[in-house]
Amino acid sequence: MTTPIITVDNIHKSFLMGKDAVPALRGVSLEIQQGDFVCLMGPSGSGKTTLLNIIGGLDEPSRGHIVVDGENLVALSEDKLARLRLQKMGFIFQNYNLLANFTAQENVEAPMILANVGRKERRQRAINLLQKVSLGDRGHHYPSELSGGQQQRVAIARALANNPPILIGDEMTGDLDSETGFAIMNLVRDLNKEGMTVVFVTHDPRMAEFATRLIHLQDGQLLREEVAR
Ligand SMILES: Nc1ncnc2c1ncn2[C@@H]1O[C@H](COP(=O)(O)OP(=O)(O)O)[C@@H](O)[C@H]1O
Ligand SMILES: [Mg+2]
């Protein structure tokens, strides 16, 4: 047995709303192996985003453990957690989350600045990554000058900036027309074929079909898992 790259161990998460604790996750356990292509599905409010955020170290569980590449996230200091996020995980969101006042290339360079990559190497890597997502000629454009699909490809290039082993996507095709959404998913599939572990959330069964593991959540619990044919 190989060690999972991500272990989610009996995670509980509640949010405080006034005096009431709203349970978002109620005892979720999951092992993800390196190279897995995992899709999380479930009704709105079932806890998908909460689970992704906890896996990605963007939020902490109320109870339980999460281990990413051998590191227990709950035990890490803020600094170490930030470093781990930077080096192990790339994030893609529904609304792209690009920095509006920076060009595509500068957006891709940003995580490398945080990781102390030198200027020359940074620039060259950003150019290469933009080529990889077929935006080699758009490096000097601002997000507002790009289509939604192009902005999401910049976001993918940015997610890959520090060459992380894990890609995390929350409704990453949610704002795109289906043709553009398929193009994004094809790109993500290519990255998975190159060995990247992918964990993503979608509402769209056509996008879910790209995954090799399909995990259904309901009311903060795992309901069932399907393995792709
Ligand atoms: N920051 C928050 N504060 C309060 N409640 C939250 C917060 N984030 C999520 N929730 C609640 O947790 C539950 C799960 O939310 P979420 O993980 O966003 O679901 P999904 O992504 O599946 O739609 C919902 O009931 C939601 O209202
Ligand atoms: Mg969500």
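Two strands pair if DSSP finds at least two bridges between them. With that criterion in hand, the tour of this predicted model begins at a strand and ends at a ligand.

**Strand 8.** Select residues 197-201, which form strand 8. Five of its five residues are buried, so the strand is mostly covered, a residue counting as buried if 20 or more other C-beta atoms lie within 10 Å of its own. Colour the two faces separately: Thr197, Val199 and Val201 lie on one side, with Val198 and Phe200 on the other. In a regular strand the side chains alternate between the two faces of the sheet.

**The partners of strand 8.** Add strand 7, residues 166-170, which runs parallel to strand 8 and is joined to it by five bridges. Within this pairing, Gly169 stands opposite Phe200. Next, add strand 3, residues 37-41; its pairing with strand 8 is also parallel and extends over four bridges. Here the residue to centre on is Val38, which faces Val199 of strand 8.

**The crossover.** Now show helix 6, residues 178-193, together with strands 7 and 8. These three elements make a right-handed β-α-β unit.

**Ligand 1.** Finally, move to ligand 1 and display its surroundings, which include Phe15, Met17, Val22 and Ala24 as well as Lys48, Thr49 and Thr50. The elements that give two or more residues to this shell are strand 1 (6-17), strand 2 (20-32) and helix 1 (48-55). Helix 1 supplies the largest share, three residues. Coloured by residue class, the shell shows four nonpolar, seven polar and one charged residue.

Key:
Residues numbered from 1 in each chain as written. Chains lettered and ligands numbered in written order. Predicted model: local features only at pLDDT ≥ 70, side-chain atom pairs only at ≥ 80, totals over all residues. Near = placed C-beta within 6 Å. Nonpolar A, V, L, I, M, F, W, Y, C, P; charged D, E, K, R; others polar. Buried ≥ 20, exposed ≤ 12 C-beta atoms within 10 Å, placed from the backbone. Right-handed = clockwise from strand over helix to strand, strands pointing away.
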